[in-house]
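User: I want to go through the labels attached to this model and see what each one rests on. Please set the values against the criteria.

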Amino acid sequence: MPKVDCPVCGAAVDPETAIATAVHDAQTYHFSSTDCRDAFVADPGSYIGNTGS
Ligand SMILES: [Zn+2]
């Protein structure tokens, strides 16, 4: 499975082994740490730019 970028710090995260995940707007995000997840959950809009394609 391809790695994804942690939306908070940009680190590569393996979705299968991600230490932290969160669901926002029906999409699952994977984080490099619980700190990153907490920051994201507190203010998702700051980390999600233009997600539409
Ligand atoms: Zn991170």
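User: Where does Ala18 lie, and why is it called partly exposed?

Analyst: In this predicted model, Ala18 sits in the loop between strand 2 (12-13) and strand 3. It has 18 other C-beta atoms within 10 Å. Buried requires 20 or more and exposed requires 12 or fewer, so a count of 18 makes Ala18 partly exposed.

User: What does Ala18 touch, not counting residues up to four places away in sequence?

Analyst: Ala18 touches Val13, His30 and Phe31. Contact here means C-beta atoms within 7 Å. As for Ala42, it is 24 residues from Ala18 in sequence and 19 Å from it in space, C-alpha to C-alpha.

User: What makes Asp25 and Ala26 exposed?

Analyst: The cut-off for exposed is 12 or fewer C-beta neighbours within 10 Å. Asp25 has 8, so it counts as exposed. Ala26 has 5, so it counts as exposed. Asp25 lies in the loop between strand 3 and strand 4, and Ala26 is placed in the loop between strand 3 and strand 4.

User: What is the sign of phi in these residues?

Analyst: Phi of Asp25 is near 55°, a positive value in a residue other than glycine. Phi of Ala26 is near 65°, again positive in a residue other than glycine.

User: How do you know that strand 3 and strand 4 pair, and in which sense?

Analyst: Pairing needs at least two bridges. Strand 3 (residues 20-24) and strand 4 (residues 27-31) have five bridges, in the antiparallel sense, so they meet the criterion. In strand 4, Thr28 is the bridge partner of Val23, and Phe31 is the bridge partner of Ala20. The two strands form a hairpin with two residues between them.

User: Why are the buried residues of helix 1 said to line one face?

Analyst: Cys36, Arg37 and Phe40 are the residues concerned. Seen down the axis of helix 1, the buried residues fall within an arc of 100°, so they line one face of the helix. Thr34, Asp35 and Ala42, on the other side of helix 1, are exposed. The buried residues of helix 1 pack against strand 3 and strand 4.

User: Which residues form the largest nonpolar core, and which elements give two or more residues to it?

Analyst: The core has six residues: Cys6, Val13, Tyr29, Phe31, Cys36 and Phe40. Strand 4 and helix 1 (34-42) are the elements that give two or more. Arg37 is buried, but Arg is not among the residue types that a nonpolar core admits. Leaving aside neighbours within four places in sequence, Phe40 is in contact with Pro7, Val8, Ala22, Tyr29, Phe31 and Tyr47.

User: What are the elements of the protein chain, and why is the chain called as compact as a globular protein of its length?

Analyst: The chain has one helix and four strands, in the order β-β-β-β-α from the N terminus. Its radius of gyration is 10 Å, close to the 10 Å that the globule rule gives for 53 residues, so the chain is as compact as a globular protein of that length. The C-alpha atoms fill a box of roughly 25 × 25 × 20 Å along the principal axes.

User: How much of the protein chain is buried?

Analyst: Buried residues make up 19% of the 53 residues. Among contacts between residues at least 6 apart in sequence, 23% join residues at least 24 apart.

How values were computed. Residues numbered from 1 in each chain as written. Predicted model: local features only at pLDDT ≥ 70, side-chain atom pairs only at ≥ 80, totals over all residues. Rg over C-alpha atoms; globule rule 2.2 N^0.38 Å. Contact = placed C-beta atoms within 7 Å. Core = buried A, V, L, I, M, F, W, Y, C linked by C-beta atoms within 7 Å. Arc of directions from axis to C-beta.
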